[in-house]
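Please read the following account alongside the sequence and the three-dimensional view, moving from one region to the next as each is named.

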Amino acid sequence: MKYSDLVETGANDTEKQECLVSGDTTAIASRIPKNLRDTGKVAAALKDVNLSTFVRMRMIEELAKKEQ
């Protein structure tokens with residue numbers, strides 16, 4: 001089932017999060033300003049995670065949050 005299907009059917013937050021973290025991993029490349037990357041690394045370190053994990057966490061939070 002696609003994530004958009006879960007949103008349309010009114011799935012709960014847990015079901016949405018499970019959909020977002022399941023599946024195979026893939027590598028991506030993203031060009032961002034060095035200052036943004038450095039600041040992101042510091043923010044991630046404050047949460048005891050690496051930058052990649054921090055970005056994934058924030059994406060999941062944003063995608064799984066309730067519609068306002």
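**A walk through the predicted model**

Asparagine 12 has a relative accessible area of 43%, and it is therefore classed as partly exposed. What is shown here is a predicted model, and every value quoted below was computed from it. Asparagine 12 sits in the loop that runs between helix H1 (3-9) and H2. Along the chain asparagine 12 is 53 residues away from lysine 65, yet the C-alpha atoms of these two residues are separated by 10.0 Å.

A second pair that links distant parts of the sequence involves leucine 63, whose place is in helix H4. The C-alpha atom of leucine 63 lies 8.5 Å from that of leucine 20, although 43 residues separate the two along the chain. Leucine 63 itself is partly exposed, because its relative accessible area is 43%, and a residue is called exposed only when that value is over 50% and buried only when it is under 20%.

Leucine 63 also belongs to a nonpolar patch on the surface, which it forms with Val55 and Met59, and the three residues together have about 270 Å² of accessible area. Valine 55, another member of this patch, is found in helix H4, which spans residues 51-64. With a relative accessible area of 41%, valine 55 is partly exposed, and residues must have over 30% relative accessible area to be counted in a patch.

Valine 55 leads on to the largest pocket, which holds about 840 Å³ of space. The lining of this pocket consists of 24 residues, and those closest to its centre are Ile28, Ser52, Val55, Arg56 and Met59. Val55 and Met59 thus appear both in the nonpolar surface patch and among the residues closest to the centre of the largest pocket. Which helix gives the largest share of the lining of the largest pocket? That share comes from H4, with eight residues, while helix H2 (13-21), helix H3 (34-46) and H4 each supply at least two residues of the lining. Sorted by class, the lining has 13 nonpolar, eight polar and three charged residues.

At the beginning of the stretch assigned to H4 (residues 51-64) comes leucine 51, which is found in that helix. Leucine 51 is partly exposed, because its relative accessible area is 24%, a value that lies between the limits of 20% for buried and 50% for exposed. Leucine 51 and threonine 39 are 12 residues apart in sequence, and their C-alpha atoms are 9.8 Å apart in space.

The loop between H3 and H4 is the place of aspartate 48. Its backbone angle phi is near 60°, which is a positive value in a residue other than glycine. Aspartate 48 counts as exposed, because its relative accessibility is 73%.

The charged side chains come next. Side chains of opposite charge can pair when their charged atoms come close. In this model the count comes to three salt bridges, where the criterion is a side-chain nitrogen of Lys or Arg within 4 Å of a carboxyl oxygen of Asp or Glu. One of them joins lysine 34 to aspartate 38, with 2.9 Å between the closest N and O atoms. Both of these residues lie in helix H3, four residues apart, which corresponds to about one turn of the helix. Aspartate 38 also meets arginine 37 in a salt bridge, at 2.8 Å from N to O, and in this way Lys34, Arg37 and Asp38 are linked in a network of salt bridges. Within this network, lysine 34 counts as exposed because its relative accessibility is 55%, whereas arginine 37 at 31% and aspartate 38 at 25% are partly exposed.

Where does arginine 58 find its partner in a salt bridge? Its partner is glutamate 61, and the closest N and O atoms of this pair are 2.3 Å apart. Because arginine 58 and glutamate 61 are three residues apart in helix H4, they are separated by about one helical turn. Both count as partly exposed, arginine 58 at 43% relative accessibility and glutamate 61 with a relative accessible area of 41%.

Definitions and conventions. Residues numbered from 1 in each chain as written. Predicted model: local features only at pLDDT ≥ 70, side-chain atom pairs only at ≥ 80, totals over all residues. Heavy atoms only, no water. Patch = residues over 30% accessible without salt bridge, like charges linked within 9 Å, V, L, I, M, F, W, Y side chains within 5 Å. Areas by Shrake-Rupley, 256 points an atom, 1.4 Å probe, with all protein chains shown as cover. Buried < 20%, exposed > 50% of the residue type's maximum accessible area, 1.4 Å probe, protein only. 1 Å grid on protein atoms, 1.4 Å probe; cavity = no way out; pocket = protein on both sides within 12 Å on 5 of 7 lines; lining within 4 Å. Points joined across faces, edges and corners; volume = space filled by probe spheres on them. Nonpolar A, V, L, I, M, F, W, Y, C, P; charged D, E, K, R; others polar.
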